Each structure stands twice: as C-alpha cells, then as structure tokens.
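Visitor: Could you take me through one part of this structure in close-up? I'd like to hear how a single strand sits among its neighbours, and then whatever else is worth a look.

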Amino acid sequence: MTPWARATTALRLTFADPAGCGGLALRSRPGPAREALLALIPGDVSRLHPALPLEALEGGIDVSASLSGTTLVRHRGLLQARNRTLLLTMAERCPPLIASRLCAALDQGQGHRLIALDEGVERDEHLPPALQDRLAFHVSLEGLGQRDIAPTDPIAKRPVSTKFLQAVECPEEALEELVQLAVTLGINSLRAPSLALRAARAHVALNRRNRLTSEDILVAAELVLAPRATRIPQETPEEPEAPAKTPPEATAERELTALPQEILLEAIRTALPADLLAKSGSNKGKNGFGSGAGAKRTGSRRGRPLPARDATPRGKAPRVDLMATLRAAVPWQTLRRAQGSNRPGPIIRPSDLRYRRYEELSDRLLVFVVDASGSAALARLAEAKGAVEILLSEAYARRDHVALIAFRGKGADLLLPPTRSLVQTKRRLAELPGGGGTPLAAGLQMGCETACGAFRKGLSPVLILLTDGRANIALDGKPDRKQAAEDAQRVAAEVAAQGVDSIVIDTGRRPEPALRQLALSLRGQYASLPRADARGLSDTVSAALEG
Amino acid sequence: MKQPFPFSAIVGQQDMKRAMLLTAIDPSIGGVLVFGDRGTGKSTAVRALAALLPPIKAVKACPVYGERIEDCPAWAGVTKKATHQIPTPVVDLPLGASEDRVTGALDIEKALTKGEKAFQPGLLAAANRGYLYIDEVNLLEDHIVDLLLDVAQSGENVIEREGLSIRHPARFVLVGSGNPEEGELRPQLLDRFGLSVDVTSPTEVAERVEVIKRRDAYENDHAAFMLRWQAEDATLRDRILKARKTLKKLKTPDSALEDVAALCIRLGSDGLRGELTLLKAARAYAAWRDDTALTRSHIRATAPLALRHRLRRDPLDDAGSGTRVTRIVEDVLG
C-alpha cells in the first residue's frame with residue numbers, strides 16, 4: 001500500500017468501527033495531503049485544541065446565562081455527546097490532563113472517533129503515549145505531496161452495524177498470527193494486537209465478507225502493528241529494499257490458511273517507520289525516546305497557567321482570574337441577594353476570588369556531552385561514565401533533568417533528550433560504545449541546541465563537556481584537525497552567546513591547553529583531572545555547580 | 001452500559017489480582033498501587049474488581065453509604081432507617097478534578113434556584129466504604145494529592161467554606177495506577193499505599209494469545225462470555241466473604257510478629273507502616289488460603305507486595321526493588 005492508501009484505509013476503518021478502533025493518529029505537517037485526507041471525513045467535525053479548557057470537554061456552568069437568569073445554565077461538553085468526530089489539532093502539545101480525559105472517553109466506547117493531528121517536527125515531539133496507545137491507527141503523511149493523492153471513494157459516515165461486526169468469523173490462527181507478529185516487532189502493549197484484531201474485523205465487514213482472511217490480517221498488521229514496532233526482527237533478509245510484493249512462488253509453496261510470518265513481515269516492512277530502520281543497526285530501541293508526556297510536562301513549567309485556585313499564591317501581586325472568580329460567585333448570588341444586598345450586578349466576596357497560578361520553578365537541566373571517540377575510549381571513557389553515573393544520582397536527589405549527548409566518529413548523537421528518568425540515562429550510558437574521531441564541534445553544537453530547547457521550556461541548562469580535547473573532525477564531518485579546532489572555538493562562542501552555563505572537564509592524560517582555551521570561549525569553568533577517579537570528577541563538578 | 005470485564009477472566013497478572021483480593025478481604029490494608037506499562041490491563045482489573053466485590057448494606061438515601069442510621073452525617077438529613085444492598089462503590093478520580101469536585105461543595109443548583117445552602121457531596125463521599133481509583137496517579141496535581149493524604153489518614157473529610165462547615169466519614173481503599181516512565185510518585189503518597197505491584201506484559205506468546213482471545217470474546221460474544229465467567233466470579237466472591245470471616249478468628253503467633261519485624265529492620269524501611277501493612281496483608285492472605293494460623297509462608301508470599309515501595313530508593317538500581325525484597329526475605333526467613 002502507498003502511504004496515501006494506508007491513510008485512507010485507516011480513516012475508512014475508523015469510521016466503520018469507531019468504538020473498536022478509537023481513531024487515528026496522523027503525523028503530518030499541514031500540507032495538501034493532509035488537507036485532502038481531512039476533506040474525506042464525513043459529517044460534522046468538532047475541533048479540539050490542546051489549550052482547550054476542561055469545561056469545553058465535560059461541560060460546566062455557563063456564567064453569563066446563569067447570571068442573567070435565576071436558573072443555573074450548564075453548557076454541554078463535547079465528550080458528553082455520543083458518536084462525535086473529534087479532531088485534535090496540534091496533538092503533540094496535548095497536556096496530560098486533556099489526554100487523560102480523551103483516553104477515558106475512548107475507553108468508555110462512546111463511539112467517538114478521535115483524529116489526532118500530530119504536527120511534531122522533532123522525534124521527541126509526539127502524542128501523549130497513553131493516548132497514542134489507544135488509537136488503533138498511526139499514519140504518517142510526511143513527505144506526501146499533491147501528486148501522491150489518489151482519488152478515493154467517499155467514506156460512509158454510518159458505522160458498520162455491531163451485529164455485522166460480531167458475525168465475522170475469526171479463525172484462531174489469525175489471532176495467534178497477530179499476537180506473534182506483535183511480539184516479533186517488539187510491541188509490548190497488549191492493546192496493539194487487540195486493536196489490530198478489531199481493525200481486521202472492520203476490514204472484513206467493510207468488504208462485505210464474513211470470514212477473516214490473510215488479506216485482512218495483512219491490512220491490520222500494516223496499519224496497526226507496523227507503526228508501533230520497536231525493533232526489526234533479527235532474521236531480516238539481506239536486502240532491505242526488497243519489493244513489498246510477496247513473491248508468488250513463496251505463497252504457492254505454502255498452502256497455509258494463515259500467512260507465514262516472513263511474508264507478513266515482508267509486506268509490512270514498507271510501513272515501518274523510517275527512523276526505526278535507521279536506528280536498528282545501532283541497537284537502540286524507539287522506547288527510549290518515549291520521554292513523551294514526562295518531557296512535555298516539565299516543558300510546561302513556566303508560562304502555562306494552571307487551574308485557578310482560591311488560596312492566595314505565595315508570590316507577590318497575584319493576578320485574579322476573572323472567569324474563575326465569577327464562576328465561583330455565581331452559585332451564591334441568590335443567597336446573597338436574599339441577605340439584603342440590592343446592588344446591581346453580581347455580588348462578589350473575597351472568598352470568591354480565584355488567583356491565576358503559574359509554576360515558575362526553573363528546573364536545572366544537566367546536559368552531558370560525552371566524548372566517546374577512540375582517543376577518549378582508550379584513555380578514560382569508563383571513568384567518565386562512572387563520573388556521570390555519580391552525578392546522575394546527585395541529579396536524582398535534586399530532581400534535576402538530564403540529557404545525554406555522545407560524540408564520536410563523524411557526528412554527535414542525542415542519546416537521551418531531557419528527561420528525569422535516571423534509569424534510562426544510565427542504560428544509555430552503559431550502552432555507549434567508544435571509537436572513531438573526535439567531532440568536538442558537532443557535540444558542542446548539539447549540546448547547544450538541546451540547551452536552547454530547554455531554555456524555551458523554562459529550564460536552566462548546564463552544559464557539562466567531558467573530553468580529552470583533541471578535536472580532529474570538523475563540523476562537516478571531514479577529518480581536518482585545524483578546521484576542527486576552529487569550528488569548536490566558533491561553536492563554543494555561540495554557546496557562550498546563548499548564555500548557557502558550561503563546565504569543561506578535561507579527561508586527557510595531561511591537561512590540554514586547547515581545552516582551557518575552549519573553556520574561555522565558552523565562558524565556562526575548566527577542570528582538569530589527570531588520573532582522577534570518578535568520585536574526584538564528580539566532586540569537581542559539584543563544586544563548580546554550587547559555586 | 002456494558003458490564004465490565006470479569007475479574008476471573010484476566011489472564012496472568014497474579015500479583016495484581018492477589019493484591020486487589022487482599023484489600024477486598026481487609027480494606028484496612030490501605031490500597032494498592034499498580035505501576036506498569038501501557039496496555040497491561042491495569043484499568044481493566046480495577047473495573048473488574050468493582051463488579052466482583054460483594055454488595056454492602058447501606059442506609060437508603062445516605063450520601064456516604066452509612067451502614068446504620070447513626071453513621072449518616074447530620075447534614076444529609078436522613079430520617080428513614082431502611083437499608084438496601086448496594087454494590088461496593090468504586091469511584092474514579094479523574095486527573096484534573098477540581099478540589100470542589102473531590103471534597104464536595106455547595107450545591108450550586110439548589111443555591112441558585114431555591115436560595116438554599118445545601119451541601120453537594122463530592123467524590124470522597126461517594127467512595128466511602130469502597131474504592132477510590134486514580135488512573136495515572138503520578139500525574140495528579142499536588143494540591144489534590146495533599147488533600148487525599150489528609151483524608152486517607154484521618155478517614156474523615158472536613159469542609160470549611162463560606163457558610164458551610166461539614167464533616168463526613170471517608171474511609172476508602174486507594175487504588176492508583178500509572179506508568180513510571182511518565183513521572184514518579186512522591187514518597188509521601190507512595191508510603192500511603194499499602195501494597196504495590198509492578199505489572200508487565202506477559203512474555204509467553206500463548207498467554208498473550210489467550211488475552212486477546214478473551215478480549216475478543218468479551219467484545220463480540222458478550223452474553224456467552226459473561227455467562228461463562230460470572231460463575232467463576234461468584235466463586236471468588238464467596239471465597240472473599242469466607243475469608244473475611246476466617247480473618248476474625250485467625251491466630252497470629254508471636255514468632256510471626258518477630259519475623260515481620262526482623263524483615264522490616266533488615267530492609268531498613270522507614271517508619272512502622274511497613275510492619276503493620278505486612279502483618280495485615282499476610283493475615284488476609286492466610287485467611288484467603290483458609291488457614292487457621294499465620295505462618296512464615298504467608299509472610300513470604302506477601303512481603304514483596306507490602307514492602308517493595310518502602311525501601312530507600314536507589315535511583316540507579318534498575319533490577320527493581322521487588323528482587324531486593326525477595327532476596328532479603330530468603331535471607332531472613334530462610
């Protein structure tokens with residue numbers, strides 16, 4: 001199937017069995033393909049956005065109507081209706097609160113169809129995982145243009161009747177097939193095969209058959225299981241570019257009721273996420289990037305207003321939340337008026353006042369930029385790892401966030417985006433291999449990007465660079481010692497200009513003058529640790545951070 | 001409304017099921033914390049538990065489900081003694097629920113239309129004598145957490161607002177679930193849960209197939225499926241009721257107390273809540289097994305559930321505290 005066919009089929013199945021499939025997570029930036037797909041949605045669409053107040057979802061008191069009359073007027077929330085098509089825009093910014101409500105609505109099977117538009121650019125920007133897990137279909141329209149759009153039949157708005165869905169015969173092998181496939185693809189959640197089965201049933205019903213066949217399994221596997229894959233099975237054939245079509249002789253040889261695993265896998269390979277293939281060689285799972293809701297939650301630490309509260313916040317000059325105050329005052333109006341106040345307009349007492357709250361905690365983010373090049377590996381990569389581990393347990397005590405970047409060979413890798421999950425950091429660190437050149441500039445640059453991203457989220461980043469300083473790979477990936485040193489200096493100046501605090505730790509055998517120079521450009525601190533052990537290293541950093 | 005998935009039809013997840021059954025036998029154990037990956041049946045189990053629990057006797061029209069008329073708070077204005085059987089309440093506390101919704105507040109409807117000052121009970125009242133379930137408990141807002149801690153400790157909900165001064169009993173079993181990847185739980189709240197369980201997806205393919213098969217049957221062959229499993233649920237229910245009776249007569253030898261104490265000292269768990277919970281859990285387990293006295297085997301079986309979350313945490317130990325507890329249990333109890 002082409003990506004476009006995949007997307008339209010997913011949409012069709014969603015509308016065929018909304019209660020079973022939940023919906024569709026569409027990863028795409030705005031573009032013609034997305035517009036064309038959304039135009040296919042039949043019936044009315046309720047648009048949601050992540051900054052939606054909870055009342056819009058669940059209903060609440062209508063302040064103005066209640067004040068003008070003497071009866072309480074409530075407005076209905078979107079989720080209180082049934083069988084709605086909900087379109088969640090900018091789903092990657094959806095806060096956990098809204099996500100949990102949507103999840104609950106989906107779990108209750110009220111027939112809502114949720115289409116989540118995930119407009120994330122970075123890999124760590126995605127839907128809240130709990131919500132993503134409940135949507136059967138994950139489709140990406142990345143890179144699709146006008147020419148990829150094929151004309152499609154209109155989608156029926158009415159779901160297929162439950163009776164028809166339930167009547168679908170479902171052989172046991174098909175079920176085992178789906179579960180086995182989910183295991184092979186490293187999908188942990190049991191919701192995935194369950195959803196795949198529902199999707200397969202819906203596909204059968206749509207095609208007006210009454211028995212599950214291998215074709216339905218294939219569609220379900222491609223649409224539901226493939227995008228969730230976290231690993232490619234070990235017995236991958238040599239040619240990854242093999243055509244998606246199954247060789248006819250292979251099917252002829254095996255006259256089985258169910259499809260053999262290899263054929264299934266082969267068929268869905270095209271549907272696997274592209275970055276999975278890129279990563280599969282380096283033995284890193286997609287799971288690690290699932291900082292998801294956690295990362296986003298910490299990202300909203302500053303500026304995002306929290307629900308208003310009645311207690312006076314600690315800071316000075318608190319701001320009154322007018323709407324929340326009115327909402328709190330509305331119920332009392334009749335009572336207060338009865339007590340003899342004839343003033344026109346709502347009567348507001350101090351106890352009604354609700355204050356806006358913002359959380360202004362600026363958490364510290366430690367960005368570890370670790371040199372994993374050959375020279376460092378020889379010298380003291382293990383010690384650097386040990387030091388980082390000790391720092392990590394201190395970070396845990398302080399509830400700091402950490403990010404881990406390693407540079408070696410031709411470039412730098414963001415091994416772990418800012419997270420609080422220490423266990424993950426440690427695991428990544430332990431897996432960190434050594435060897436190759438020293439692209440110091442690339443490492444610094446990535447560290448700078450991470451730090452700037454953290455700034456925007458309201459964290460205060462500290463860059464900790466552990467290296468032996470002999471930069472020999474330039475920014476463009478060419479081995480050129482002179483150019484490399486210049487690049488490093490330039491990037492360092494950039495880091496300093498961004499106002500990122502930094503600490504340079506020289507892990508070489510002898511103190512490296514170039515590194516001291518680098519620390520100067522960074523306007524950071526420099527510590528040289530010839531022959532120091534991990535504990536000594538950590539003490540240095542702690543001292544530098546405190547001071 | 002569809003009936004929830006039957007408790008007895010949940011495949012595997014022995015720890016989680018056991019922990020929930022123990023709290024059903026002795027609610028004073030103080031709740032269960034279920035941590036695990038998505039799609040491992042956490043919410044399913046809680047909903048199933050609601051259907052499994054034996055009904056309770058409550059005064060009609062009592063907002064907090066008092067057993068006798070004396071238990072009903074004065075503000076509710078209950079006058080009739082008549083009681084009826086109701087299912088054990090299992091109440092969902094949604095993330096982002098407002099304080100008013102949790103504790104209860106002025107009845108807006110009545111205040112506006114009739115000008116009456118009436119109290120509208122909140123979730124805590126509805127959860128009295130039952131279960132309070134918080135999905136994604138680790139994402140719960142701090143001020144709600146504080147409030148819950150307070151009520152869970154005192155067993156009473158006190159509301160002091162303009163013109164309202166109200167208190168009512170709020171004794172409930174806290175059940176929390178969450179995914180540790182999305183954030184951790186504050187130690188104070190952690191300690192408040194009696195038992196904790198880590199759930200993972202089953203590793204056996206056959207077991208997974210069974211899960212999907214049952215789920216499919218539940219959805220597509222509902223009537224027959226429920227008929228098949230409701231009988232099993234009824235057996236479980238009878239066993240819970242029987243265990244509650246056995247629990248009252250269960251003997252606790254001093255040696256068992258010493259074992260429990262030795263275990264907790266060795267684990268270095270803070271406070272005495274660990275000992276108390278372990279003792280209660282072990283007793284409930286013994287009652288479940290229909291034994292007459294508490295023995296080491298009961299303690300051994302419940303120690304990981306009751307103690308795992310009370311250890312001083314080593315942030316870098318990814319082996320899990322469960323294994324640590326098991327190891328020390330083997331050391332101490334032999």
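Guide: Sure, let's start with a pairing: Y131(B) has V173(B) as its bridge partner in β10(B). Keep in mind that this is a predicted model. Y131(B) is a way into the wider pairing here, since strand β7 of chain B (residues 130-135) and β10(B) run parallel and are joined by six bridges. There's another strand to look at too: β1 of chain B, residues 32-36, also pairs with β10(B), in the parallel sense, over four bridges. If you want a spot to click on for that pairing, take V34(B), whose bridge partner in β10(B) is S177(B).

Now look at β10(B) itself, which covers residues 172-178 of chain B. Seven of its seven residues are buried, so the strand is largely enclosed by the rest of the structure. Buried here means under 20% relative accessible area. You can check this face by face: on one side F172(B), L174(B), G176(B) and G178(B) are all buried, and on the other so are V173(B), V175(B) and S177(B). So both of the bridge partners we met, V173(B) and S177(B), sit on the one covered face, with V175(B).

Staying in chain B, hop over to helix α9 (residues 222-249), where you'll find D233(B). This aspartate is buried as well, with a relative accessible area of 4%. What does D233(B) touch, leaving aside residues up to four places away in sequence? The answer is P6(B), F7(B), S8(B) and L52(B). With S8(B) there's a polar contact, side chain to side chain, at 2.6 Å. D233(B) also comes to 9.6 Å from A48(B), C-alpha to C-alpha, though the two are 185 residues apart in sequence.

For a sheet seen as a whole, switch to chain A. Five strands make an open sheet there, in the order β2-β5-β6-β1-β7, with parallel pairing. The edges are β2 (46-48) and β7 (137-140) of chain A; each has a single partner strand, so one side of each is left without a neighbour in the sheet. From one strand to the next, the twist averages 20 degrees. At the β2(A) edge, three bridges join that strand to β5 of chain A (residues 85-88), and the two run parallel. One pair to find there is R47(A) with its bridge partner in β5(A), L87(A). Finally, helix α1 of chain A (residues 3-16) packs on this sheet, touching β1 (23-27), β5, β6 (113-118) and β7 of chain A. Its direction makes about 150 degrees with that of β7(A).

Methods: Residues are numbered from 1 along each chain as its sequence is written. Chains are lettered from A and ligands numbered from 1 in the order in which they are written. This is a predicted model: local features need pLDDT of at least 70, side-chain atom pairs count only at pLDDT 80 or more; totals for chains, interfaces and linings use all residues. Side-chain values use heavy atoms; hydrogens and water are left out. Buried means under 20% relative accessible area, exposed over 50%, partly exposed in between (1.4 Å probe, protein chains only). Contact means heavy atoms within 4.5 Å. A polar contact is a pair of N or O atoms within 3.5 Å; within protein, one must be able to donate a hydrogen and the other to accept it, and residues adjacent in sequence count only if both atoms are side-chain atoms. Two strands pair if DSSP finds at least two bridges between them. Axes are lines fitted to C-alpha atoms, for helices over the stretch in contact, and angles run from 0 to 180 degrees between N-to-C directions.
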